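Work through the exercises below with the sequence and the model open. Each task is followed by its solution.

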Amino acid sequence: MIDKDDFGPVTRNRRRATITSTRSESVKLRNGASAAAAAADSGLKSGHKARESLAKNLQLNEENKRKCDRYDRMSCHKLQESMLSSASSFKNYRGILNWCVVMLVLSNARLFLENLLRYGILVDPIQVVSLFLKDPYSWPAACLVIVCNAFILVALYTERKLAMGSISEKVGLLIYIFNLTIILCFPMVVVLKLPSITPVGGAFALGIYTILFLKLYSYKDVNKWCRERTQAKARSLSRSLSCPSPPSTSSSMQSYVSYPGNLSLRDIYYFVFAPTLCYELNFPRSESIRMGFLLRRLFEMLLLTQLLVGLTQQWMVPIIRSSMKPLQEMDYTRMTERLLRLAVPNHLLWLIFFYSFFHSSMNFMAELLRFGDREFYRDWWNSETITYFWQNWNIPVHKWCLRHFYKPLLRRGAGKLLSQSAVFFASAFFHEDRMSSAVCADWKGFLILKVSSSSVSGQCSSQDVQTVGIYGHDGTDSTGMVSVQVSSRQLWKCCCVALTHYRSTYRRSHVCS
């Protein structure tokens, strides 16, 4: 219910209450306005004080800055580390590297000028030709290289018979063992027994046969893996069984081969000439041949080959000749000095050979054949261990050893150390056997004697023999030494006379009768 007093007439009491409340509200408003004005006045005063304090602080900062500037002008030291200290963050040593390069160039230039002043110009292009050809109408090394095609055809014929099932795996393995053994032994016997072959020609032929041995071994293994996959009813075979490489979009038009479609003359000869030792059914291919790149690599090959031969004639040969006497007299001090003199040209020639062979020659062949995998070497110059160096300076050989020798030994239960040792000794065998066979073939039957009439005729006496050594070229050199071709009997007699004279000089007993 609503009280009727709420809507009744306004009485005096209610009017008084209303007036009283109105007055109180007006008083409150006036009091609030005065408070706001007072607050505003205090805010203005505080803002003025803040501005004054800020201005004072700025003045103090400027004064302090002026004082610091005056102090900095007077001081020259601060807390810091030396640049070459390990605690320093300095890492730019490019200037020191440039300085070392300048010192290296200057020191080698001095050695080269000293060589020219002492020996004159020894570079002889005609002698270089004689290293390859003794008889212009007889090229035994080239004939030896041509014969290697027979071993390639034997491998291809064997693989075709194995693919058709005409022969068993054991018979195929025996044929491969016979074929690969002949590849190793046949050129070595020819180089040692054939007197007309030159040292460079012999080394080249032996190198070709060694590369062919490694390639055909890889060819045998990959085709065997293909047969095993076929016998296991594999759904599809693409060429890269151990190192698969998916086809790229740029080479979508390239036809991919599967076993036994790879058993063709074109396929095997492409692999023989490709700069790799590991066989695959489908090699990565580049889109086209870049003629500019190809001509640059060809120019580098020709230039660096001439530079290698010239430095060898001018720098290496005189040092080797002067080292013969210290080696015979076993003068260790002079032997060490000669070895240190050989160290600089030896390193220089090795670097030139590395760039010429692993970069120029192999890239030339890869570009000519559109071979896509150009990783022939890695950053061996950043090697911190011997293992890293041997794994990165010759990538084709490293891949072959890893794929066909090291991993198969591990799969057959051999230990890691044993497998590494086997790879090392196999590499040492190939290097030593190939090079020593080529060098010994040319040294056989040649003896350096002091120039005299009896030595030229092949007759030796103790008066004629003053220094003895082995030398591989006909003709007289600048030191007065002559190389004379003699028979085995005369060679043995001269060696005995030389040794007898040498021992009698140092009051030792004779050993030859």
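**Exercise 1: one helix**

Task: compare the expected span of α4 with the distance between its end C-alpha atoms.

Solution: At 1.5 Å a residue, the 25 residues of α4 should span 36 Å, and the end C-alpha atoms lie 38 Å apart, which agrees. The expected span is 1.5 Å times one less than the number of residues. Helices here are DSSP runs (H or I, at least four residues), numbered from the N terminus. Just after α4, G165 takes a positive phi of about 80°.

The model is predicted: local features need pLDDT of at least 70, side-chain atom pairs count only at pLDDT 80 or more, and totals for chains, interfaces and linings use all residues. Residues are numbered from 1 along each chain as its sequence is written, and side-chain values use heavy atoms, leaving out hydrogens and water.

**Exercise 2: a helix pair**

Task: describe how α4 and α6 are arranged.

Solution: First take the axes, which are lines fitted to C-alpha atoms over the stretch in contact, with angles from 0 to 180 degrees between N-to-C directions. Those of α4 (residues 140-164) and α6 (residues 199-231) come within 10 Å and cross at roughly 5°. The two helices are therefore roughly parallel (angles under 35 degrees). Next, list the contacts (heavy atoms within 4.5 Å): the α4 residues include L144, F151 and E159, and those of α6 include F204, L212 and R227.

**Exercise 3: burial**

Task: which residues of α4 are buried, and what covers them?

Solution: Buried means under 20% relative accessible area with a 1.4 Å probe, protein chains only. The buried residues are P140, A141, L144, C148, F151, I152, A155, L156, T158, E159 and L162. Their cover includes α5, α6 and α7.

Conventions
Parallel < 35°, antiparallel > 145°, perpendicular 65-115°, else oblique. Buried < 20%, exposed > 50% of the residue type's maximum accessible area, 1.4 Å probe, protein only.
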